[in-house]
Amino acid sequence: MATINLQISGLCKRYGDFVALAPTDLDVAQGEFLTLLGPSGSGKTTLLSLIAGLAQADGGLIRINGVDVTDGAPYDRDIGMVFQNYALFPHMTVAENIAFPLQMRKVDATSAKKRVAEALEMVHLPHVAGRYPRELSGGQQQRIALARCMVYRPSIILMDEPLGALDKKLRDHMQLEIKRIHRDLGTTIIYVTHDQEEAMTMSDRICLMDAGKIAQLGTPADLYFRPKNVFVADFLGESNLLDAQVTSREGDQVRLAMQGIDKGRAMVYDAQVQSGKPVKLMLRPQNLRVNGHAEAGAETMSAKLTDIMVTGGMTKLYMQRQQQNAEAAELVASFPTDRLGARYEIGQTLTLSWSPADAVAIAG
Ligand code: ATP
C-alpha cells in the first residue's frame, strides 16, 4: 500500500449560499501525479486553494503526511505552487529568483548556490542563470518557475493551469518536461487543467469534477473506457451515446434492446445499470469499423454519412442514424488517415460494426 501524502476528508467550501465544493474525500499517494480536471466553475481551483491554504474551508480536514494542516498558514504546509502567470520577480536574475525561497528558509549561501545549480540542471536551463525573466521565452520562464518551486523540496507541488499561456507546440513539449521532472524528483504533483488531453497524457489518476463534486476518480484508462456516467463519457474524448434498454444482466455484461439492433450487448462497470432500466450504450469513435468485414460476434447498424473531417493523422466520419419515432442520432467514427483518401461520399449509407467488448452500458 502506497504511503498517503495528502488526505482530505469531508472538505467543503461555500461562497454565501453557493456550494463551490461539496463535502469531498480524496487521498493522494506519495509521488502520485493527480490531475483535477473539469469544466469551468466545477471547483478545481477552489479545491487547490484549500489544499494550498489560500482559502479557508467551511468544514472537513486536510492532512499532509499525517499532520492536520486544515487551519495552518500556506508556508507551514510543505507545499510549492506554480501558476499560469509565472510570477517570477522581474528585477531579479534567474539564479536570484530560484535562490529566493531558500533565503526565506535561511538556507546557508553555499548550500543555496549548489541547490540553485541543481534546480537549473533539472529544468535543463543552466545557461540562463544570469538572465532576467524578460530575457526568457514563455516556456523557459515556466521552467524557471518550476525550478524555484522545486528548489526547496516541498513534499507536494500544486500547479494551476501552468501551461495555459503557452502555444500548443510548446505546451506539448512542456508536458513531457514536467513528466520527466516528476519522474526524476518523485514529488507528489496536484495539477489543475480543463484540458482533457493534457490530463490524459500526464496523470497517474484524474479527479474529474462537476459542479463542486467528484464525478469520477481513477486512472485515465478507467475514466475513458469505464466512465461511471454520461458526464464522464462526454467530457473525456468523443463518444457515441445511444439510447437502449437493459433486457437482462449476466455478470459484467448486459443484453440490450435497441432500435434497429436486435441483440445488443455491452459491458457493465456500474451497479446502477440494471434490468428493465434505460441506459446509454457508449461506443468510442475509434471502435467503430466502417464498411469493413465485420468480425464474428460483431454487432452492426447502418447510418448516413453527413460530414468528413481530416484532422491531420485522423479522419473522422460524422453520421446520422435514423430512428423510428425519435430524432436522428448523431454518430462519429474515426480511423488513421491513409493514402487512399476520399472513398466515402456524403449522403452514402455506411455499415458500422463493433465488438461488444468495446461497448459500455452507462446508467442513463
Ligand atoms: P475555472 O476552470 O474556470 O478556473 P474552476 O473549476 O477552477 O473553474 P472555481 O474557481 O473553483 O472553478 O470556482 C467554482 C465556483 O465557485 C464558480 O462557480 C465560481 O464562480 C465560484 N467562486 C469561486 N471563488 C469565488 C468567490 N471568491 N466568491 C464567490 N464565488 C466564487
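User: In this predicted model, which residues in helix 2 meet which residues in helix 3?

Analyst: From helix 2 the participants are Val-94, Ala-95, Ile-98, Ala-99 and Leu-102, and they meet Ala-112, Arg-115, Val-116, Ala-119 and Leu-120 in helix 3. By class, this contact of helix 2 with helix 3 comprises 9 nonpolar residues, no polar residues and 1 charged residue.

User: What describes two packed helices?

Analyst: Two quantities are used: the angle between the axes of the packed helices and the distance between those axes. In the present case, helix 2 spans residues 94-104 and helix 3 spans residues 109-122. Their axes come within 9 Å and cross at roughly 120 degrees. Helix 2 is therefore oblique to helix 3, since an angle of 65 to 115 degrees would be needed for roughly perpendicular and one over 145 for roughly antiparallel. The crossing in which helix 2 passes helix 3 is right-handed.

User: How do the axes of helix 2 and helix 4 cross?

Analyst: The axes of helix 2 and helix 4 come within 7 Å, with a crossing angle of roughly 30 degrees. Helix 2 is therefore roughly parallel to helix 4, because angles under 35 degrees count as such. This crossing, too, should be assigned a hand: that of helix 2 and helix 4 is right-handed. Helix 2 contributes Val-94, Asn-97, Ile-98 and Pro-101 to the contact, while helix 4 contributes Ile-144, Ala-147 and Arg-148. These residues divide into 5 nonpolar, 1 polar and 1 charged.

User: Are helix 4 and helix 5 roughly parallel or roughly antiparallel to each other?

Analyst: The angle must be consulted before the term is chosen. The axes of helix 4 (residues 138-150) and helix 5 (residues 168-185) cross at roughly 20 degrees and come within 11 Å. The two helices are therefore roughly parallel to each other. Their crossing is right-handed. On the helix 4 side, the contact is made by Gly-139, Gln-142, Arg-143, Leu-146 and Met-150. On the helix 5 side, the residues are Leu-170, Met-174, Glu-177, Ile-178, Ile-181 and Leu-185. Sorted by class, the contact of helix 4 with helix 5 has 7 nonpolar, 2 polar and 2 charged residues.

User: Which residues surround the ligand?

Analyst: The surrounding residues are Tyr-15, Phe-18, Ala-20, Pro-39, Ser-40, Gly-41, Ser-42, Gly-43, Lys-44, Thr-45 and Thr-46.

User: What kind of atom of Gly-41, Gly-43 and Thr-46 lies 2.8 Å, 3.0 Å and 2.5 Å, respectively, from an oxygen atom of the ligand?

Analyst: For Gly-41, a backbone N or O atom lies 2.8 Å from a ligand oxygen atom. For Gly-43, a backbone N or O atom is likewise involved, at 3.0 Å from an oxygen atom of the ligand. Thr-46 instead places a polar side-chain atom 2.5 Å from an oxygen atom of the ligand.

Technical notes:
Residues numbered from 1 in each chain as written. Predicted model: local features only at pLDDT ≥ 70, side-chain atom pairs only at ≥ 80, totals over all residues. Heavy atoms only, no water. Axes fitted to C-alpha atoms, helices over the stretch in contact; angles between N-to-C directions. Helix = DSSP H or I, 4+ residues; strand = E, 2+ residues; numbered from the N terminus. Left-handed = near helix turned anticlockwise from the far one by under 90°. Contact = heavy atoms within 4.5 Å. Nonpolar A, V, L, I, M, F, W, Y, C, P; charged D, E, K, R; others polar. Near = heavy atom within 4 Å. Polar contact = N/O pair within 3.5 Å; in protein donor to acceptor, adjacent residues only side chain to side chain.
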